[in-house]
Amino acid sequence: MGQEHRLNKITRELNISLEKAKDFLKEKNIENINPNSKISDDLYKLFKKEFQNDVVSPVKKETPVEKEVIKPQEIKSEPVVEKTVPKQDPSKPTATPKPESENNAPSDKIQTNFQKLSGIKKTGETIDIAKFTPKEKEKKSENNNNNKKQRKRIYRPQSGTNDNSKREGFAAKKKREHIKRESTDNEIKKQVSETLEKLKKTAYKSKGAKYRKDKREIHKQQKEDELEQKEKANKIIKVTEFITVGEIASLMEVNTNNVISVCMSLGIMVTLNQRLDAETLEVVADEFGYKIEFIKTEIEEDTFEEEEEEDSNARPPVITIMGHVDHGKTSLLDYIRKTNVIAGEYGGITQHIGAYSVTVNDKQKITFLDTPGHEAFTAMRARGAQITDIVIIIVAADDGIMPQTEESINHAKAANIPIIIAINKIDKPDANVDKVKEKLAALDLSVEDWGGKIQSQNISAKNGTGIKELLEKVLLEAELLELKCNPNKKAKGTVIEALLDKGRGYISTVLVQNGTLKVGDYILAGKKSGKVRAIFNERGNRLEEAPPSTPVSIIGLDGAPQAGDAFHVIKDEREAKKIAAKRTQLIREQNIRTQKHLTLDEIGRRIAIGNFKEFNVLIKGDVDGSVEALTDALQKISTKEIQLNIIHKAVGAVTESDILLAATSNAFVIGFNVQVIGNAKKTADKENVNIKTYSIIYDAIDDIKKTMEGMLAHETKEETIGEVEIREVYKISKIGNIAGCMVTSGRITRNSKIRVFRDGKIILNNAELESLKRFKDDIKEVKKGYDCGLQIKNYNNIQVGDTLEAYEEVKIKKKL
């Protein structure tokens, strides 16, 4: 199987846009592509072939072309033939021979300097010998002696030989020495083997030395293998599917901001305490050079095996309504459901995720999810986008595109979900629909009116204008998706919210995505388990079963599961409890691994700051989503000088055990839409623990911010309050010099700090007054236009004409 590549890495490597890559894949009949999709090796090669011209590669130095190596067998020794060249007449011009390269066509092949010897070739041209005489010999002959002839070698004749024959034999021998005989392959192998034998004999004097050396090499190889395995093991992170952004950053030992920026580059908006899905975790870890290994129990793997889809039926669509705060999301649902949910919400804003089932045209059912629009509820909006089929983006015509509108659009794009735009409040006088569409086009969302593919509808949630047409467009989009499910299999879905009711216990709002949930089923959600004792719809009516795409509230879990947890129906209670216990153990181990300890670097940082402080908070809320949103918002307040620590967060009322934990940790207790029950108030008074309850999230954030600002050290600022001119100096023995002054501007007080100027230069700074009098009376303040007498503490070097500047040090509160 070939190597797989991520689409976002391919686009960066080939320097192409994501849209260009999607168009190329559509040509290959590949649909449903997102930036995290895995591309096969064959497709990757097609990408490289198609877009190789777009790659911006660094300038590389030209590599030298390798010259042809002539094999020894190609060199043939030719007999040496002496050429006799006739003498030339210097007066006649001679023609120089033309090189062969001029006659032949140019070739890319680099020719070697090798030239085979051949017989005499008659060309009919004369050769100028003077051009071929070596220049070095000419220079030598000129430098040795002025035109002195070179001495000729004298050959002594031997007995029985002729002098001329001896001379010829010596020349032939000399030429034969230049033609070396190449060694054969057998000779080369023989020489190599002989050399190796000699080396072995000299290296090992005995068999013991050879054994010891081999043993050392084996140990060295084993150590290298162990180190390599350790490095690989350190790069593998073992996690459960329940891990947040902060925890994965702690395991990889990187800054959380870096992890968040990587997620944003993938088009995923996340917060510090938001949990990531398996695919996103793998991509994020891969960016930092790590690999993710998901830990699951053997029972869990056997239990959650995928079943084959049989008896598939059409199911109602799940629609999530998203947008900015106060743009009319809940008002739209109120009109559709003919209710008044917004009247019961604190401050008129939604702070919980709501799930409702609506019947349209007396036959078609639609499930709506209402998400909060406040900036603190990012995680809720992300969950709403992940469990839905279609997203309706609400935009107020009089307000336009706002930050949370853009964030909602990004969530929908990251989840690759169809978008329908609903432009609300068109009945207002300052409504500008065209401006909204223009801004949507800038966000790459062109509506159908402007030649795009995104459906849009102008509505008024207050009067009901255009809502019928909006629902028709929703049903049309749902038909194109062909939503199917199997109602006969065991139910599974997602936890939307969880809360603790005083009379009924833990209540979990869930969305059944497949199968049918029935009363009496054993259910597992995250690390919580239990038997379904009762099922209620959103109006509080009791149900016996919940079909697919139905939001219901269930009672029976032994705790509050975390919002976003997947739930499954298990065969028996024993198996469900066993998996839940194992998951609890794995999460506890994971929390221990991600726990940060006080390091020397952190101690040094706190000492460098000087006045470092910590502010501990304990949070209790009505639902898990609100607790998560409040936690994210408060953790953003932390600064270098003051660190906010959330020591505990949970769903439910504030109890006595919470107060005792806060007293031990010196923490501040926040209750969000919950009561303080039992003896908690008495214990709080006794232990001197502060408790505050809130109903609106931004009130809690503002109060905590003000409290933390009060803990910060104040900044001091100098404020000039007046100027005084010295008109006369009186010298009094045993007392010192007294200055007779006139206040020229502002005022001077007894507690003012003094700065003395002479000829425009400061001669004394940060001085205090010993006394301030008018006539014979001590006074606290002298205003402009009045004269006075004053004495500077421990300073007598004053002269007539000196100017005194009076100032006060004002303390200013620092802001976060």
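# Why these labels? A chat about a predicted model

Me: What makes the nonpolar surface patch of about 250 Å²?

Reply: Three side chains make that patch: Ile 188, Val 192 and Leu 196. Keep in mind that this is a predicted model.

Me: Why does Ile 188 count as partly exposed, and where does it sit?

Reply: Ile 188 has a relative accessible area of 41%. Partly exposed lies between the 20% and 50% cut-offs, so Ile 188 gets that label. A patch residue needs over 30%, so the 41% of Ile 188 meets that too. Its place is in helix α7, residues 185-203.

Me: What does the whole protein look like in numbers?

Reply: There are 23 helices and 33 strands. Of the 816 residues, 37% are buried. The protein exposes about 52400 Å², with carbon and sulfur atoms supplying 47% of that. Among contacts with a separation of 6 or more, 71% are between residues 24 or more positions apart.

Me: Let's go to α21. Which of its residues are buried?

Reply: In α21, residues 656-665, the buried ones are Asp 658, Ile 659 and Ala 662.

Me: How do you know that the buried residues line one face of α21?

Reply: Look down the axis of α21: its buried residues fall within an arc of 100 degrees, so they line one face of the helix.

Me: What do the buried residues of α21 pack against?

Reply: They pack against β22 (613-621), β23 (642-651), β24 (667-672), α22 (680-687) and β25 (691-694). Packing here rests on contact, which means heavy atoms within 4.5 Å. Right after α21 comes Asn 666, with a positive phi near 55 degrees.

Me: α22 is on that list. Which of its residues are buried?

Reply: Ala 680, Thr 683 and Ala 684 are the buried residues of α22.

Me: What puts them on the same side of α22?

Reply: The arc again: they cover only 100 degrees around the axis, which puts them on the same side of α22. On the other side, Lys 681, Lys 682, Asp 685 and Lys 686 are exposed. As for partners, the buried residues of α22 pack against α21 and β25.

Me: Which residue follows α22, and why is it called exposed?

Reply: That's Asn 688, which follows α22 and lies in the loop between α22 and β25. Its relative accessibility is 68%. Exposed means over 50%, so Asn 688 counts as exposed. Asn 688 also has a positive phi of about 60 degrees, although it is not a glycine.

Me: And Asn 15: why is that one called partly exposed?

Reply: Asn 15 comes in at 47% relative accessibility. The exposed label needs over 50% and the buried one under 20%, so Asn 15 counts as partly exposed. You'll find Asn 15 in the loop between α1 (7-14) and α2 (18-27). Its phi is positive, about 60 degrees, although Asn 15 is not a glycine.

Me: Why is Leu 712 called buried?

Reply: Leu 712 has a relative accessibility of 8%. Buried means under 20%, so Leu 712 counts as buried. Leu 712 is found in the loop between α23 (697-711) and β26 (715-732). Leu 712 and Asn 611 are 101 residues apart along the chain, and their C-alpha atoms are separated by 8.3 Å.

Me: On to strands. How do you know that β16 pairs with β17?

Reply: Count the bridges. Four join β16 (residues 522-525) to β17 (residues 528-536), and the two run antiparallel. Pairing takes at least two bridges, so β16 and β17 pair. They form a hairpin with two residues between them, and Gly 526 in the turn has a positive phi of about 65 degrees.

Me: Which other strand is joined to β16 by four bridges?

Reply: That's β21 (residues 566-570), antiparallel to β16. Leu 524 shows both pairings: its bridge partner in β17 is Ser 529, and in β21 it is His 568.

Me: What makes β7 mostly covered?

Reply: In β7 (residues 354-360), five of the seven residues are buried. Seven bridges join β7 to β8 (residues 364-370), and these two strands run antiparallel. With a cut-off of at least two bridges, β7 and β8 therefore pair. One of the bridges links Tyr 356 to Phe 368 in β8.

Note on methods: Residues are numbered from 1 along each chain as its sequence is written. This is a predicted model: local features need pLDDT of at least 70, side-chain atom pairs count only at pLDDT 80 or more; totals for chains, interfaces and linings use all residues. Side-chain values use heavy atoms; hydrogens and water are left out. Buried means under 20% relative accessible area, exposed over 50%, partly exposed in between (1.4 Å probe, protein chains only). The arc is that of the directions from the helix axis to the C-beta atoms. Patches are made of residues with over 30% relative accessible area and no salt bridge: like charges are joined within 9 Å, nonpolar side chains (Val, Leu, Ile, Met, Phe, Trp, Tyr) within 5 Å. Accessible areas come from the Shrake-Rupley method with a 1.4 Å probe; for residues, only the protein chains shown count as cover. A salt bridge is a side-chain nitrogen of Lys or Arg within 4 Å of a carboxyl oxygen of Asp or Glu.
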